[in-house]
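Here is a short briefing on one chain and its fold. Please keep the sequence and the 3D view open while reading.

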Amino acid sequence: MIDLHEYDTLDSTNRLLLDMAKEGAPVGTAVWAHEQTGGRGRLGRSFSSPKGGIYVSILVPLNSGSDSGIRITAMAGVATMRTVFQVCNKKCAIKWVNDLIYDGRKVCGILAQGYSGKAVVGIGINYRTDLSSLPEDVRTTASVLYGPEEEAPDERSFVESLLNNVYDLCTKGDENWLDEYKASSTILGKEVLILQAGSVVGEGVAVRIDDDCHLHVAVDGKEMILSTGEVSIRNRE
Ligand code: BTN
């Protein structure tokens with residue numbers, strides 16, 4: 001059962017939900033903001049969150065096990081991709097670890113933060129965002145689900161479906177999600193640059209994603225196994 005708290009503007013839905021978790025909020029608690037002034041991204045970055053986007057966070061159980069964080073993030077990616085298909089009839093792909101790609105560009109970012117056996121899963125989607133309201137460096141690599149001339153499905157229905165899908169998949173899993181995650185990857189078979197703190201630390205070919213959602217990259221005849229950080233597709237991004 002989802003207990004949804006809606007706000008016009010917040011600094012960060014992840015920040016608020018983490019605070020609520022610390023005060024004992026149960027799994028299924030969710031926060032939705034129409035705009036964020038301090039949106040949090042992966043790797044300590046900010047996440048630009050103007051009006052027109054959808055910014056939600058939901059509290060889910062975090063199973064013990066060293067890699068549960070990355071799997072939860074990947075599950076949330078699959079659940080979001082499914083929701084976009086079910087509600088919008090649009091097909092996204094996933095760029096490891098958890099960026100959703102639509103029309104060749106990033107349309108959604110996901111940030112999971114753990115707290116005491118639970119995870120706050122935060123999802124930001126350029127739903128009907130005006131691209132000009134994004135900073136220039138983001139705008140050039142971003143897409144939106146709906147442009148200014150298009151009619152978008154009601155946001156509340158989208159958010160409710162999204163939160164139900166994320167909660168169900170992250171709580172119970174299902175037999176298809178991992179295959180879907182792997183099959184939707186934009187980078188398998190491609191030459192990639194491995195980035196750490198914004199600098200290139202290696203390059204190779206992305207060969208597979210394993211069942212822990214780690215990315216295997218063939219580098220100089222050896223396989224590097226990545227569990228976090230970033231990769232960039234060579235000559236494309
Ligand atoms: C990324 O692409 O780096 C992850 C971005 C995650 C953004 C979402 S928006 C809702 C939730 N609240 C936040 O402050 N961040 C996440």
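The largest nonpolar core of this predicted model holds 55 residues. Trp96 and Tyr181 have the most contacts inside it. Helix H2 gives the most to this core, with ten residues. A second core lies apart from it and has eleven residues, among them Leu10, Leu16, Ala21 and Ala33. In soluble globular proteins, nonpolar side chains tend to be buried together.

**Trp96 in the core**
- Beyond four places in sequence, Trp96 touches Ile70, Tyr181, Ile187, Ile209, Cys213 and His214.
- Its list of contacts also includes Leu215, Leu226, Ser227, Thr228, Gly229 and Val231.

**Helix H2**
- H2 covers residues 68–88, which is 21 residues.
- At 1.5 Å a residue, H2 should span 30 Å; its end C-alpha atoms lie 29 Å apart, so the two values agree.
- H2 is mostly covered, with 16 of its 21 residues buried.
- Asn89 comes just after H2 and takes a positive phi of about 60 degrees.

**The sheet**
- Seven strands form an open sheet with mixed pairing.
- Their order is S1-S2-S3-S7-S6-S5-S4.
- Strand S1 (3–10) and strand S4 (93–95) are the edge strands, and each pairs on one side only.
- Neighbouring strands are turned by 20 degrees against each other on average, direction ignored.
- Strand S2 (residues 29–36) pairs with strand S3 (residues 54–61) in the antiparallel sense, over four bridges.

**Helices on the sheet**
- Helix H1 (residues 13–22) packs on the sheet and touches S1, S2, S3, strand S6 (105–115) and strand S7 (118–125).
- The direction of H1 makes about 155 degrees with that of S2.
- H2 packs on the sheet as well, touching S3, S4, strand S5 (99–102), S6 and S7.
- The direction of H2 makes about 140 degrees with that of S6.

**Ala33, a residue of the second core**
- Ala33 sits in strand S2 and stands opposite Tyr55 in S3.
- Ala33 counts as buried because its relative accessibility is 0%, and the cut-off for buried is under 20%.
- Leaving aside neighbours within four places in sequence, Ala33 is in contact with Tyr7, Asp8, Leu10, Thr13 and Tyr55.
- Ala33 and Lys222 are 189 residues apart in sequence; their C-alpha atoms are 45 Å apart in space.

**Aromatic pairs**
- How many aromatic pairs does a search of the whole structure find? There are two aromatic pairs.
- The rings of Tyr127 and Tyr146 have their centres 5.5 Å apart and their planes at 65 degrees, so this pair is edge-to-face.
- Tyr127 is in the loop between S7 and helix H3 (136–139), while Tyr146 is in the loop between H3 and helix H4 (155–172).
- This pair links distant parts of the chain, 19 residues apart.
- Tyr127 also pairs with Phe158; this pair is tilted, at 4.9 Å centre to centre and 50 degrees between the planes.
- Phe158 lies in helix H4 and Tyr127 in the loop between S7 and H3, so the pair ties together parts that are 31 residues apart in sequence.
- Tyr127 and Tyr146 are both buried, and Phe158 is buried too.
- Tyr127, Tyr146 and Phe158 form one aromatic cluster.

Notes. Residues are numbered from 1 along each chain as its sequence is written. This is a predicted model: local features need pLDDT of at least 70, side-chain atom pairs count only at pLDDT 80 or more; totals for chains, interfaces and linings use all residues. Side-chain values use heavy atoms; hydrogens and water are left out. Helices (H or I, at least four residues) and strands (E, at least two) are DSSP runs, numbered from the N terminus. The expected span of a helix is 1.5 Å times one less than its number of residues. Buried means under 20% relative accessible area, exposed over 50%, partly exposed in between (1.4 Å probe, protein chains only). A nonpolar core is a set of buried Ala, Val, Leu, Ile, Met, Phe, Trp, Tyr and Cys residues joined through side-chain atoms within 4.5 Å. Contact means heavy atoms within 4.5 Å. Two strands pair if DSSP finds at least two bridges between them. Axes are lines fitted to C-alpha atoms, for helices over the stretch in contact, and angles run from 0 to 180 degrees between N-to-C directions. Rings of Phe, Tyr and Trp (its six-membered ring) pair if their centres lie within 6.5 Å; planes under 30 degrees apart count as stacked, over 60 as edge-to-face and the rest as tilted.
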